[in-house]
Amino acid sequence: MAAAPAPRGSYTVIGHDDGSKEVEEHIEFMRLAMMQAARAAPSAQAFRVGVLVINGTQPISEGHSRDPRAPELHAAAAAVAKARSGPLAHLVPGATLYTTMEPCSSAAVSRTPCTTHIINARIRRVVIGVKEPESFVNCRGVETLRAAGVDVVHLLLLQEECLATNIHLLT
């Protein structure tokens, strides 16, 4: 008998603040991820990305692009690695990852794509501020995560704010 396919994760787009507790928490945590993105050194070739990993409302770790503590890793990969090796590692499975930019999905972009780190850590939900612009790289992060059963929330209402630190790459 063939094994049942893994359940596909959901994809939700939030385009406006409806005042619900869930949306307010998403906004609060994404703004913390944006603060991480602002800490990333500017680059003419790469986005400034910020990440926050939480379980419930308990912060587990954070990260940003070109973090001096893990310069070889992308922001999401660095935050996940830090979470998995930290004192709250037991909270990582089932956690939520907030990222200002859709996680990378290709080994051509990163030796081990951010989506692989997220899936291997058994993070259950990823909230993104921006889908990777098609003009920059052909990213399939949302699709890769959903295929692995991870729920994805696109916080479209904060897209402009999430892009603010990267405007030099988009003009």
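Student: Thr 115, buried or exposed?

Tutor: In this predicted model, Thr 115 counts as buried at 1% relative accessibility, where buried means under 20% relative accessible area, exposed means over 50%, and partly exposed lies in between, with a 1.4 Å probe and protein chains only. Residues are numbered from 1 along each chain as its sequence is written, and side-chain values use heavy atoms, with hydrogens and water left out. Because the model is predicted, local features need pLDDT of at least 70 and side-chain atom pairs count only at pLDDT 80 or more, while totals for chains, interfaces and linings use all residues.

Student: Where is Thr 115 found, and what does it touch?

Tutor: Thr 115 is found in helix H3, residues 114–120; helices (H or I, at least four residues) and strands (E, at least two) are DSSP runs numbered from the N terminus. Not counting residues up to four places away in sequence, Thr 115 touches Pro 103, Cys 104, Ser 105, Gly 141, Thr 144 and Leu 145, a contact being heavy atoms within 4.5 Å.

Student: You mention Cys 104, so how many disulfides turn up?

Tutor: A search of the whole structure finds zero disulfides, a disulfide being a pair of cysteine sulfur atoms within 2.5 Å. The closest cysteine sulfur to that of Cys 104 belongs to Cys 114 and is 3.7 Å away, which is too far for a bond. Cys 104 counts as buried at 9% relative accessibility, and Cys 162 counts as buried at 2%.

Student: Switching topic, how many aromatic pairs are there?

Tutor: The count comes to one aromatic pair, under a rule in which rings of Phe, Tyr and Trp (its six-membered ring) pair if their centres lie within 6.5 Å, with planes under 30 degrees apart counted as stacked, over 60 as edge-to-face and the rest as tilted. Phe 29 and Tyr 98 form this tilted pair, at 5.5 Å centre to centre and with 45 degrees between the planes.

Student: Which parts does the pair tie together?

Tutor: Phe 29 lies in helix H1 (residues 21–39) and Tyr 98 in strand E4 (residues 96–99), so the pair ties together parts that are 69 residues apart in sequence. Phe 29 is buried at 5% relative accessible area, and Tyr 98 is buried at 2%.

Student: And which residues have the most contacts inside the largest nonpolar core?

Tutor: That core has 44 residues, and those with the most contacts inside it include Tyr 98, Met 30 and Val 51.

Terms used. Core = buried A, V, L, I, M, F, W, Y, C linked by side-chain atoms within 4.5 Å.
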